[in-house]
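Hello,

Here is the structure I promised to pass on. Please open it and keep it beside this email as you read.

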Amino acid sequence: MTTTRPRSTVRYELTGTLRALTPLHIGSLTGDLVDRPVALDGQGRALIPGSSLAGALRSACERASDLAGLSAEASTRLWGSRNTADEGAAAGFVTVDDATGQDLVLPEVRSSTSIDRRRGVAADGTLRSAEVLPRGTSFAFRVLVAEPSGREGDGAALAALIEGVLTGPGLRLGAATTRGLGHVVLEGARRTRRDLGSRAGLLAALEGREPDVLQAPVEVGAAPGTLRVTVPWRARGPVMTSLRVQGAAADTVPLTSRDALDGSVRFLLPGSSIKGALRSQAERIVRTLTGSEAPSDHLEGMAGPPAVVALFGRPAQDDAAGTGSSDDPGQQGRKGALVVQDSMSERAVPGARWREVLRAAHDPGTGPVPPLTGALCEALDGPGELRSVTRVALDRWTGGAADGALWTVVEPHLTGPGQWRPIELVLDLERAGDEAEAALALLLLVLVDLCEGWFGLGYGQTRGYGSVEVDPGQVRFDLDPGTAPRSLAEVAQELAGASLTGVRANGTVQEWSVRVLAALAGQGVGL
């Protein structure tokens, strides 16, 4: 059946600057120097394709459509049919332009690997490198909403909702959005209306007069069923993610994150590293409860158990034919319900000073004071906060230094209170689905273990690095109980605004955790 597309004479336009609050990866084709380069336009500017923006915007707006008074039918009409093969399918009334970078920005490179569950080292063939755009990168943004005739108010409501989403919680775009990347918001938003169906409106457009500027976007908060956990922490010693430079004066330096606005850098624990540590402990807890062994196959380990997959996700696995796709839900990839943000040092190092540290790492020097020593002293203006430490492995036969086993590490000793920004966790209880109860109970157990010091964060945890201190009384939970899934209604009321110390002492939460974990493992283990 053929349907007639409604006319549209009223246009709503939203413009502004899209700002990356965290590093961002919008991927391109496989590169020569890195596995996953960022997308660039023909002029070498960073690019967010309109298709990527439109998909994320649609998903966020449909989830919050009730706030704007938009029905599911009206939302589908404006965005267009998802499946163009359906009878009566039609294109939408929303146009999202490509967002292009406003300045030329040098990407950063991040490497990641997966850990072999049995050996505790990097799994074979899992090392990957990716370019990311630094936080602060800005993009020119424009979206146009045409209002279908006979549906007055729908276009205005959607335009106001898009502005509310982008200026409120923002969007997560691109790759690794559950590992601290891709959070963007709209700054300098300007929403206008033009009526091309009237003589006055048409003349105003032809004469280039300014359109009507609209105010009051829809107020959009956190998504329903979202639990936010804030984990303040303190380093007991050097805590870092390593970056291999293999220079003449240093082999390894701390990983940093650059701010595109002022060029300064901060020491970084990536969300991917923190998430990996949390996942490893979660899997260890489940194996302890169930008495199971760590799987020998790396991908098999990433595919289960269900509560861990609900929290942290799983990669897609090839089918038996090796085609890379499968109709088996157990073989398909799944996005985890837990988002783990990057944690950075509070103090920033001026970009020029850090570049001098990297240069000095490659300079053996000939004077009484090595160039690296001077550069480290100046980087933070604090004696001892950055140290160059040389280590050597011993030959087990001779007892002396092993040949070729001497290496030097630049260590950040930021051990005072407030030296690192808190770890921020966001758990989407709705996305966790049927596993929401088990996933939440498991996350609480992992946080208890972190507070008790059962595992650390970052590089070299078996070699004196990565030891952290977390006060359970400072760990905070933020949740609107009215938006939690029905199965979690009772415990959500107890979590709202509580600390981890309070949660552990709460009888209702204890009884709930015992029941949930008993179903998971066949035995009662509380918090």
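Asp 154 touches Leu 70, Ala 74, Arg 77, Leu 78 and Glu 147, leaving aside residues up to four places away in sequence. Remember that this is a predicted model. Asp 154 belongs to helix H3, which covers residues 154-167. Is Asp 154 buried or exposed? Its relative accessibility is 17%. Buried means under 20%, so Asp 154 counts as buried.

Now the whole protein. How many helices and strands does the protein have? There are 14 helices and 25 strands. The radius of gyration is 26 Å, and the globule rule gives 24 Å for 527 residues. Those two values are close, so the protein is as compact as a globular protein of that length. The C-alpha trace spans about 90 × 60 × 50 Å along its principal axes.

Some totals come next. Of the 527 residues, 46% count as buried. Take the contacts with a separation of 6 or more: residues 24 or more positions apart account for 69% of them. The protein exposes about 25,200 Å². Carbon and sulfur atoms supply 49% of that area. On charge, there are 53 positive and 62 negative side chains. The centres of these two sets lie 2 Å apart.

Next, a sheet to find. It is an open sheet of 3 strands, in the order E15-E16-E20, and the pairing is antiparallel. Which strands are the edge strands? They are E15 (256-258) and E20 (343-344), since each pairs on one side only. Strand E16 covers residues 265-269 and is joined to E20 by 2 bridges. E16 and E20 run antiparallel. Look for Leu 269: its bridge partner in E20 is Ser 343.

Stay in that area for helix H8, residues 351-360. Which residues of H8 are buried? Gly 351, Trp 354, Val 357 and Ala 360 are. The cover over the buried residues of H8 includes E14, E15 and E16. It also includes helix H9 (371-380) and strand E21 (386-394).

Another strand pair is worth a look. Strand E5 (residues 108-112) pairs with E6 over 5 bridges, in the antiparallel sense. Val 109 has Glu 131 as its bridge partner in E6. Why is E6 said to be largely enclosed by the rest of the structure? Strand E6 runs over residues 128-132, and 4 of its 5 residues are buried, so the rest of the structure largely encloses it.

Last, two loop residues with a positive phi. Ala 176 has a phi of about 55°, although it is not a glycine. Ala 176 sits in the loop between strand E8 (171-172) and strand E9 (183-195). With a relative accessible area of 19%, Ala 176 is buried. Gln 246 is not a glycine either, and its phi is about 50°. Where is Gln 246? It lies in the loop between strand E13 (242-244) and strand E14 (252-254). Gln 246 is exposed, with a relative accessible area of 56%.

Best wishes

Key
Residues numbered from 1 in each chain as written. Predicted model: local features only at pLDDT ≥ 70, side-chain atom pairs only at ≥ 80, totals over all residues. Heavy atoms only, no water. Helix = DSSP H or I, 4+ residues; strand = E, 2+ residues; numbered from the N terminus. Buried < 20%, exposed > 50% of the residue type's maximum accessible area, 1.4 Å probe, protein only. Contact = heavy atoms within 4.5 Å. Rg over C-alpha atoms; globule rule 2.2 N^0.38 Å. Areas by Shrake-Rupley, 256 points an atom, 1.4 Å probe, with all protein chains shown as cover. Lys, Arg positive; Asp, Glu negative; His and termini not counted. Charge placed at Lys NZ, Arg CZ, Asp CG, Glu CD. Pairing = 2+ DSSP bridges.
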